[in-house]
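Colleague: I would like to go through this fold with you, one question at a time. Could you show me the model first?

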Amino acid sequence: MKIYETKDYQEMSRQAANILSAQVILKPDCVLGLATGSTPIGTYDQLVDWYNKGDVDFSQVRTVNLDEYRGLTRDNDQSYYYFMHKHLFDRVNIKLENTNVPDGTQEDAEKECARYEALIESMGGVDIQLLGLGHNGHIGFNEPAADFAVTTHCVDLTESTIEANKRFFESADDVPRQAYTMGIGTIMKAKKILLVVNGEGKADIVAKAFFGPVTPEVPASILQLHRDVTIVADKAALSKIP
Ligand code: F6R
């Protein structure tokens, strides 16, 4: 596990974008595993900036997103489909047919999860998976649990995640209660993992997840067992590591 310390959010974003664009340059038709949330927004902004300068070309890139709220339509501004279009897909020359987000409107959870898992497989797997880190150690929507969920599945969101995400909705009541997410096994199959994390509020969970025991109670701790993980974190997020 490589850990890069950056002075602030901006430097974290630039560093993460550098790693992703290096992947695109080395393998123009690579499969990028993407994440939503507030942490990667600066990374996407930086990639868009380099795209506008002619430094990165997304014309052959393929993407798969980690997760999506169950029940939100694509045009709902809180759906992860909407987020990805707003922050990346509509701003670069990626082909929309090469982008994939779980379909939150698909009512048959089992069918949608099986479709998504098979899709990733058919694309040859993920070359590099971008991840954020939840305050409770979740990655994707893999919440603390008794076991690691292996494949793409439907989850009930925990109260702490609903609480953390309510800032994006009118009230906590509007936050969907379920989501489709890649499983821990799906994430662990990615050839490379790039996790971005910033701010003092994540310092405790960074220390726990990457320097504590590997346990499904802290889902991100499993990344200690992946052979190619890069963490790009600002100073504040690393302030409690031993
Ligand atoms: C997003 C995702 C989540 C977030 C995590 C951190 O696709 O899967 O696991 O990465 O909740 O969110 P932020 O970056 O908003 O703190």
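**Reading the fold**

Modeller: I25 lies in helix α1. Keep in mind that this is a predicted model.

Colleague: Is I25 buried or exposed?

Modeller: Count the other C-beta atoms within 10 Å of I25: there are 12. A residue with 12 or fewer falls in the exposed class. So I25 is exposed.

Colleague: How far apart are the C-alpha atoms of I25 and D55?

Modeller: Along the chain, I25 and D55 are 30 residues apart. In space, their C-alpha atoms are separated by 9.1 Å.

Colleague: Which strands does helix α1 lie across, and at about what angle does it run to β10?

Modeller: Helix α1 covers residues 9–26. It lies across β1, β2, β6, β9 and β10. Its angle to β10 is about 155°.

Colleague: What is the strand order in the open sheet of 7 strands?

Modeller: Strands of a sheet pair through backbone hydrogen bonds, either parallel or antiparallel. In this sheet the pairing is parallel. The order is β1-β10-β9-β6-β2-β3-β5.

Colleague: Which strands stand at the edges there?

Modeller: Look for strands with a single partner. One side of such a strand is therefore left without a neighbour in the sheet. The two are β1 (2–6) and β5 (99–100).

Colleague: What is the bridge partner of L32 in β6?

Modeller: Strand β2 spans residues 31–34, and strand β6 spans residues 128–131. They pair in the parallel sense over 2 bridges. In β6, L32 has as its bridge partner I128.

Colleague: And what is the bridge partner of I128 in β9?

Modeller: Strands β6 and β9 run parallel, joined by 4 bridges. On the β9 side, the partner of I128 is K192.

Colleague: Which residue in β10 stands opposite V197?

Modeller: Strands β9 and β10 are joined by 5 bridges. These two strands run parallel. Opposite V197 stands A233.

Colleague: How many residues of β9 are buried?

Modeller: Strand β9 has 6 residues. It is largely enclosed by the rest of the structure, because most positions are buried: 5 of the 6.

Colleague: Which residues touch the most other members of the largest nonpolar core?

Modeller: That core has 62 residues. One of the top five is L195, which is in contact with L131, L133, L223, V229 and I231, leaving aside its neighbours within four places in sequence. The full group is L20, L133, L194, L195 and V206.

Colleague: Which residues come nearest to the ligand?

Modeller: There are 14 residues around the ligand. By class, this shell has 5 nonpolar, 8 polar and 1 charged residues. The nearest are T36, G37, S38, T39 and G132.

Colleague: Is G132 buried or exposed?

Modeller: G132 sits in the loop between β6 and β7. Among the residues it touches are A35, G37, V196 and V197. It has 21 C-beta neighbours inside 10 Å, and so G132 counts as buried.

Colleague: How far apart are G132 and A233 in space?

Modeller: In sequence, G132 and A233 are 101 residues apart. From C-alpha to C-alpha, the distance is 10 Å.

Colleague: What is the order of the open sheet of 3 strands?

Modeller: The pairing in this sheet is antiparallel. Its edge strands are β4 (67–69) and β7, each pairing on one side only. The order is β4-β8-β7.

Colleague: In β8, what is the bridge partner of Y69?

Modeller: Strand β8 covers residues 178–181, and 3 bridges join it to β4. Those strands run antiparallel. The β8 partner of Y69 is A179.

Colleague: Where is F169, and which residues is it in contact with?

Modeller: F169 is in the loop between α5 and β8. It is partly exposed, with 14 other C-beta atoms within 10 Å. Leaving aside neighbours within four places in sequence, its contacts are Q78, D174 and V175.

Colleague: How far apart are I94 and F58 in space?

Modeller: I94 is found in the loop between α3 and β5. It is buried, with 21 other C-beta atoms within 10 Å. F58 is one of its contacts. I94 and F58 are 36 residues apart in sequence, but C-alpha to C-alpha the distance is 4.8 Å.

Methods:
Residues numbered from 1 in each chain as written. Predicted model: local features only at pLDDT ≥ 70, side-chain atom pairs only at ≥ 80, totals over all residues. Pairing = 2+ DSSP bridges. Contact = placed C-beta atoms within 7 Å. Axes fitted to C-alpha atoms, helices over the stretch in contact; angles between N-to-C directions. Core = buried A, V, L, I, M, F, W, Y, C linked by C-beta atoms within 7 Å. Buried ≥ 20, exposed ≤ 12 C-beta atoms within 10 Å, placed from the backbone. Near = placed C-beta within 6 Å. Nonpolar A, V, L, I, M, F, W, Y, C, P; charged D, E, K, R; others polar.
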